[in-house]
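Please load the model in a viewer and display both backbone and side chains. The tour below proceeds by selection, with a description of what is found at each stop.

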Amino acid sequence: MIFEAIALGGILYVGYQEYIKSMEEGELPVKTNDSPEIKTGIQDKVTQMFKEDSQQIQKSETKYELIHKNAEKKKMYDFLAIWSAFGLCLAGFVYPGVAVLSLPFIMYASQETFKKSYELIKQKKVHVSTLMSITIAGCVITGKFFAASLILVVIRAAMRLMEKVVQTSKQALFDVVYQQPEKVWIVVNQVETEIPFNDLGVDDIVVVQAGEVIPADGIIVEGIASIDEHILTGEARPIEKEQGDGVFAATVILSGKIYIKVEKAGQDCTVAKITNILNNTIDYKSTQQLRAQTLSDNLVKPALIAGGVALPIVGFSGALAVIYTHPKNKMMVIAPTTILNYTNIASQQGILIKDGRTFELLQQVDTIVFDKTGTLTEEQPHIGQIHCCSHFSEEEVLVYAGAAESKQTHPLAKAILKEVKKRQLSIPSFDESQFKAGYGVLVVVDGKTVHVGSQRFMEMSGMTIPGILAKQQQISHEEGDSLVMVAVDHQVIGGIELLTTIREEARKVIRQLKRRKNIKSMYIISGDHEIPTKKLARELGIDHYFAQCLPEKKADLIEQLQKEGHFICYIGDGINDSIALKKAQVSISMRGASTIATDTAQIILLDSGLHHLELVFKIADEFHSNMNTTFAIMLTPALLGLCGVFLMGFGISQVIFLNLTGLLLAAGNSMRPLLQTPGKNNLKLLNSLTEKET
């Protein structure tokens, strides 16, 4: 009978191998998961920035697709083998002897575990896979085929859940930093000529006009323009630049027209270098481990030692049961489930958690570092005092400024127009044929020539700056604010202060975070001058700050703080924060931030504000508490199993039953937050979290 069963098992295994071979040769349909998202656009990016040969790219893609396809096939074959073994073992309860047919499928599905264990043994190391190999082999030797197949099913389920959890952290972090134009205009023999972007080279003279993105780093050789460098510097104020000034790729011209001599293009430009730094640090977060995995790994050697001690006392089957009390697979099933549940809870409150490890890391944060502009302050400033000269009133100065800026879209213009609307003033029409823009704006309103812009714009137009405005200009510059001057018929009539706008919720959020026991210090990092940065820190009650920081400097400061023993949560937006976001142990960004910052951050506050920052930490606290309870539930059956083996003669079957009971109870606890109160957005947990305000 045994020989017949073995022979039949061999026939089934050969048939199974033939089935696999047929699928590989394309005779049977194979379901793959060659989703475009998996490739992440890396090849496209490399093609643009490094101009790789198309044939080489095609070969790389073919090789990638082949590797990915083979990996997907291997997963599917393991899936078929595991469930074939499990099905045959179930049938064995009805038809004795059938269970032995599962042996070849068990061995096939276990081969990777055995290989890994063998490699570790050669290195004189042990791992969870070592325990699994011993347990599976022991079950097979003792004829407990159902136990072996059940172990494989649990492992399979655990791995699939883990893949779902880490999927978001493994997805592409490499978006193109900015939308490169397909064509650019350059000057060739005194004629403006359109060429492909990829053909742009060093020393070319490129022409860029209002509303266009600067395609390369370079020096202005002709023209003047107002440039929005927020994407790099994080500052809302447009920068006025003229002949001899340097400009950077990915920044936008708000007004004017300039001719740029290209100094750095493609991979050499500033923005591309930031992307390269990100590429070099891609594995930084992937080295972090979930607490469940850490605890599991730490229990491997004790489990082996306990099994060795049990062998002469309770025999081979008892020793096998002792080893199987190790809770590895159960932890790796429940931890991802709990993470997914709390991720769902967070999303209902407008908090996107992209990396499940973040829940664990938030518990260790002792230092919070804020970017200044766009994080603690709004991108758009607000109107301060309006300084008037001669007989003109504040309303008249504001109306003339509003008329001139009515066609502009930069933050300063929006602030002026918002104040005009707030005061319910009417903006007169102007002659659009006379509209000119450069450092400022020139329009004709009711037959009067109106200039609106900076002090330099007024001086270039041949006007004298009144003493009161010259003094105020100096004060505004020192405090990091802007002063927009207004002139009518070549006479300066006043100036409008534009002040930094602190986020409405910033003070409250910072007070909440300061009350947390684990938060020891807070910092502000800014590309702005020291005086406005210091002023903001004082107003918000933050003791430490760094000013005039370039993107690379921000990341260096994060590393410096980490070397001093700080565990950092960095909160920022913009490309200039992307490297710092990647370096910090925990990174938070907001919707509306630049694409690369949003992709890099582990947490995104979808309401575009700081309102839910405290809630992020509260949800992490609740997650931590839930996981502690879950671990206790899972470790209890392990302890009971150990006691049962030594005191009550338990074998592998009883231990499996105890572990499965613990698994079910732990699963129930992990689902508890979602089951407390039915109904979307009406969970007790959310209510308790949001109501914990002092």
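Which residue of strand 5 does Ser226 stand opposite? Select Ser226 together with strand 5, and the partner is found to be Glu240. The coordinates on display belong to a predicted model, and every value quoted in this tour is computed from such coordinates.

**Strand 4 and its partners**

Extend the selection to the whole of strand 4, residues 217-228, and add strand 5, residues 239-241; three bridges join these two strands, and they run antiparallel. Next, add strand 6, residues 246-247. Strand 6 is joined to strand 4 by two bridges, again in an antiparallel arrangement, and here Gly218 stands opposite Val247. Finally, add strand 7, residues 252-264. This strand also runs antiparallel to strand 4, with 11 bridges between them. To locate one point along that pairing, select Ala225, whose bridge partner in strand 7 is Gly256. While the side chains are displayed, recall that in a regular strand they alternate between the two faces of the sheet.

**Helix 14**

Move now to residues 394-405, which form helix 14. The helix has 12 residues and reaches 16 Å from its first C-alpha to its last, close to the 16 Å expected at 1.5 Å a residue. Is helix 14 largely enclosed or not enclosed by the rest of the structure? It is largely enclosed, because nine of its 12 residues are buried. Colour the buried positions: Val397, Leu398, Val399, Tyr400, Ala401, Gly402, Ala403, Ala404 and Glu405. Then show what surrounds them. The buried residues pack against two kinds of element, among them helix 15 (411-422) and strand 10 (382-388). Strand 12 (441-445), strand 13 (448-453), strand 14 (482-488) and strand 15 (491-499) are also among the elements they contact.

**Helix 23 and a distant ring pair**

Select residues 613-648, helix 23. Its 36 residues should span 52 Å at 1.5 Å a residue, and the end C-alpha atoms are indeed 52 Å apart. Step past the end of the helix to Gly649, which follows helix 23 and has a positive phi, near 75 degrees.

**Aromatic pairs**

How many aromatic pairs does the model contain? The count comes to eight. Begin with Phe79 and Trp83, a tilted pair with 6.4 Å centre to centre and 55 degrees between the planes. Both belong to helix 4, residues 54-92, and because they are four residues apart there, about one helical turn separates them. Phe79 is partly exposed at 37% relative accessible area, and Trp83 is likewise partly exposed, at 40%.

Return to helix 23 and select Phe623 along with Tyr342: these rings form an edge-to-face pair, 5.6 Å centre to centre with 85 degrees between the planes. Tyr342 lies in helix 12 (residues 328-348) and Phe623 in helix 23, so the pair ties together parts that are 281 residues apart in sequence. Tyr342 is buried, at 0% relative accessible area, and Phe623 is buried as well, at 1%.

To complete this stop, select Phe79, Trp83, Phe86, Phe93 and Phe146, which ring pairs link into a cluster.

**Cysteines**

As a last selection, display Cys89 and Cys569. Cys89 is buried at 2% relative accessibility, and Cys569 is buried at 0%. A search of the whole structure finds zero disulfides.

How values were computed: Residues numbered from 1 in each chain as written. Predicted model: local features only at pLDDT ≥ 70, side-chain atom pairs only at ≥ 80, totals over all residues. Heavy atoms only, no water. Disulfide = S-S within 2.5 Å. Buried < 20%, exposed > 50% of the residue type's maximum accessible area, 1.4 Å probe, protein only. Expected span 1.5 Å × (residues − 1). Contact = heavy atoms within 4.5 Å. Pairing = 2+ DSSP bridges. Phe/Tyr/Trp six-rings, centres within 6.5 Å; stacked < 30°, edge-to-face > 60°.
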